[in-house]
Amino acid sequence: MVEFVSYSGAYPNLCSGELVLKINGEIVSFKHALCSGGAVWFDDDWMEHVECGAWSVSVPEKYLEFKDEIEECVNANIPWGCCGGCV
């Protein structure tokens with residue numbers, strides 16, 4: 001039911017792209033819909049540490065029944081994020 005078409009996000013803001021999926025045969029575009037499950041932190045010496053994590057996707061109500069399948073598709077096709085570019 002959900003197929004990956006494209007994603008325009010790139011370093012340093014991997015989460016800020018346009019996601020295009022095919023849902024039930026319909027081409028659907030989501031903008032700024034990805035949220036990283038990763039984290040960025042600094043140690044006592046101000047060294048940056050980046051932990052990548054799975055994406056969650058903000059899905060409009062119309063597509064909520066496909067949310068799990070959408071997130072599975074996204075995580076299979078887009079490298080896990082939290083590149084630290086936002087820090």
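**Entry 1: F30 and its neighbours**

I began with F30 and looked up what it touches once residues up to four places away in sequence are left out, and the list came to G17, E18, L19, L21, I23, S58, P60, Y63 and I70. I note here that the model I am reading is a predicted one. I then asked which residues touch the most other members of the largest nonpolar core, and among its 19 residues these are L19, I23, F30 and I70. The elements that give two or more residues to this core are β1, β2, β3, β7 and α1.

**Entry 2: aromatic pairs**

I searched for aromatic pairs next, and the structure holds two of them. In one, F30 and Y63 meet edge-to-face, with 6.0 Å from centre to centre and 75° between the planes. F30 belongs to strand β3 while Y63 sits in the loop between β7 and α1, so this pair ties together parts that are 33 residues apart in sequence. I checked whether these two are buried or exposed, and both F30 and Y63 turn out to be buried.

The other pair is F42 with W46, whose ring centres lie 5.7 Å apart and whose planes stand at 50°, so I wrote it down as tilted. F42 has a relative accessibility of 36% and therefore counts as partly exposed, whereas W46, at 67%, counts as exposed.

**Entry 3: the two sides of helix α1**

I turned to helix α1, which runs over residues 67–77, and found I70, E71, C73 and V74 buried in it. Why do they fall on the same side of α1? They cover an arc of only 160° around the axis, and that puts them together on one side. I reminded myself of the general rule that an α-helix has 3.6 residues a turn, so residues three or four places apart point the same way. On the other side of α1, I found D68, E72 and A76 exposed. I also looked up what covers the buried residues of α1, and the cover includes β1 (2–7), β2 (18–23), β3 (26–31), β4 (34–36) and β7 (55–57).

**Entry 4: E71**

I wanted to look at E71 on its own, a residue of helix α1. E71 has a relative accessible area of 17%, and because buried means under 20%, it counts as buried. Leaving out residues up to four places away in sequence, I find that E71 touches W55, S56 and V57. The side chain of E71 reaches the backbone nitrogen of V57 at 2.8 Å.

**Entry 5: cysteines**

How many disulfides does a search of the whole structure find? The search finds zero. I looked at C73 in particular, and the closest cysteine sulfur to its own is that of C35, which at 18 Å is too far for a bond. C73 counts as buried, at 10% relative accessibility, while C15 is partly exposed, with a relative accessible area of 24%.

**Entry 6: the whole protein**

I finished by stepping back to the protein as a whole, which has one helix and seven strands. Read along the sequence, these follow the pattern β-β-β-β-β-β-β-α. The C-alpha trace spans about 50 × 20 × 20 Å along its principal axes, and of the 87 residues 32% count as buried. I last looked up the contacts with a separation of 6 or more, and residues 24 or more positions apart account for 44% of them.

Terms used. Residues numbered from 1 in each chain as written. Predicted model: local features only at pLDDT ≥ 70, side-chain atom pairs only at ≥ 80, totals over all residues. Heavy atoms only, no water. Buried < 20%, exposed > 50% of the residue type's maximum accessible area, 1.4 Å probe, protein only. Helix = DSSP H or I, 4+ residues; strand = E, 2+ residues; numbered from the N terminus. Arc of directions from axis to C-beta. Contact = heavy atoms within 4.5 Å. Polar contact = N/O pair within 3.5 Å; in protein donor to acceptor, adjacent residues only side chain to side chain. Phe/Tyr/Trp six-rings, centres within 6.5 Å; stacked < 30°, edge-to-face > 60°. Disulfide = S-S within 2.5 Å. Core = buried A, V, L, I, M, F, W, Y, C linked by side-chain atoms within 4.5 Å.
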